[in-house]
Amino acid sequence: MQYVITGANRGIGLEFVEQLLERGNHIIATARQPARADELQSLAKSYRDQLEIARLDVTEKDTIDALVELVGDRGVDVLINNGATMIGAGPIDDLNEQALFDSFDVNTVGPLRVSSALLPALERSDQPKIVNVTSKMGSIADNGSGGSYAYRISKAALNMATRSMAIDLEPRGIVAFVIHPGWVRTRMGGQNALIDTETSVTNMLRIIDEADRSTAGTFQEWNGNVIPW
Ligand SMILES: NC(=O)c1ccc[n+]([C@@H]2O[C@H](COP(=O)([O-])OP(=O)(O)OC[C@H]3O[C@@H](n4cnc5c(N)ncnc54)[C@H](OP(=O)(O)O)[C@@H]3O)[C@@H](O)[C@H]2O)c1
């Protein structure tokens with residue numbers, strides 16, 4: 001199987017790469033700064049025939065064009081839009097507007113740009129899937145603590161975009177859904193988070209493997225629950 005994973009140089013993205021390589025898949029792993037992606041570079045040496053590293057910043061169209069060129073006429077079975085940013089926009093009485101726009105650019109428009117560009121490659125697969133890594137913090141129903149404007153609204157918007165994509169792409173056989181990885185010990189999740197990357201990714205891969213038309217347009221959680229929008 002051919003996977004494309006964004007934000008693959010650390011955290012959850014890197015764990016996806018490690019587990020999928022172990023399973024014998026072929027992966028194009030993207031990073032904003034490949035030269036500084038030490039773990040990916042060392043994996044590429046051990047898995048020469050399975051791993052390619054591409055420079056990709058989801059806000060930079062030329063890097064997305066280069067990714068499309070690298071994919072060439074190959075099919076992509078699973079696109080995992082994992083890369084994201086969590087920056088504080090401050091309280092409602094003193095909002096940092098730039099943080100809001102930047103979060104929207106990376107967390108919402110970014111996955112849409114990459115998905116849109118890779119549609120022809122996805123259509124070459126027999127069972128293509130677009131997996132957008134979201135957060136429970138993007139659930140309106142689950143928001144009982146407020147705050148986190150930039151992150152919450154960018155992920156809520158990603159959720160809505162994914163729901164539309166799921167409907168629009170259904171006739172083309174592409175299954176699109178969002179998944180919440182849990183509260184995971186990474187640079188973003190912090191050291192107090194509840195689960196490690198291995199637990200999160202092992203469980204998410206089970207959901208991704210089993211995803212079919214009935215999964216399209218749903219808000220999945222790493223542990224098999226379905227999260228209310
Ligand atoms: N950890 C959690 O508890 C948690 C909870 C809910 C959801 N999530 C979601 O899970 C996903 C992975 O998070 P994580 O915990 O692994 O975070 P992380 O350790 O902070 O890693 C984030 C990744 O995203 C990349 N990235 C940031 N901006 C990017 C851009 N403009 N273009 C492409 N890639 C970019 C980063 O690259 P650089 O190294 O270059 O910055 C890094 O590879 C994210 O979508 C996040 O929102 C995480």
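Trainee: What makes F219 and W229 a tilted pair in this predicted model?

Mentor: Rings of Phe, Tyr and Trp (its six-membered ring) pair if their centres lie within 6.5 Å, with planes under 30 degrees apart counting as stacked, over 60 as edge-to-face and the rest as tilted. The ring centres of F219 and W229 are 5.3 Å apart and their planes stand at 40 degrees, so the pair is tilted. The structure holds one aromatic pair. F219 belongs to strand β7 (residues 219-221), and W229 to the segment after β7, ten residues apart.

Trainee: How do you know that the model supports such local features?

Mentor: Local features need pLDDT of at least 70 and side-chain atom pairs count only at pLDDT 80 or more, while totals for chains, interfaces and linings use all residues. Residues are numbered from 1 along each chain as its sequence is written, and side-chain values use heavy atoms, with hydrogens and water left out.

Trainee: Why is the approach of I12 to the ligand called a polar contact?

Mentor: A polar contact is a pair of N or O atoms within 3.5 Å; within protein, one must be able to donate a hydrogen and the other to accept it, and residues adjacent in sequence count only if both atoms are side-chain atoms. A backbone N or O atom of I12 lies 2.8 Å from a ligand oxygen atom, and for A84 the corresponding distance is 3.2 Å.

Trainee: What is the class make-up of the shell around the ligand?

Mentor: The shell has eleven nonpolar, eleven polar and five charged residues, where Ala, Val, Leu, Ile, Met, Phe, Trp, Tyr, Cys and Pro count as nonpolar, Asp, Glu, Lys and Arg as charged, and the others, Gly among them, as polar.

Note on methods. Helices (H or I, at least four residues) and strands (E, at least two) are DSSP runs, numbered from the N terminus.
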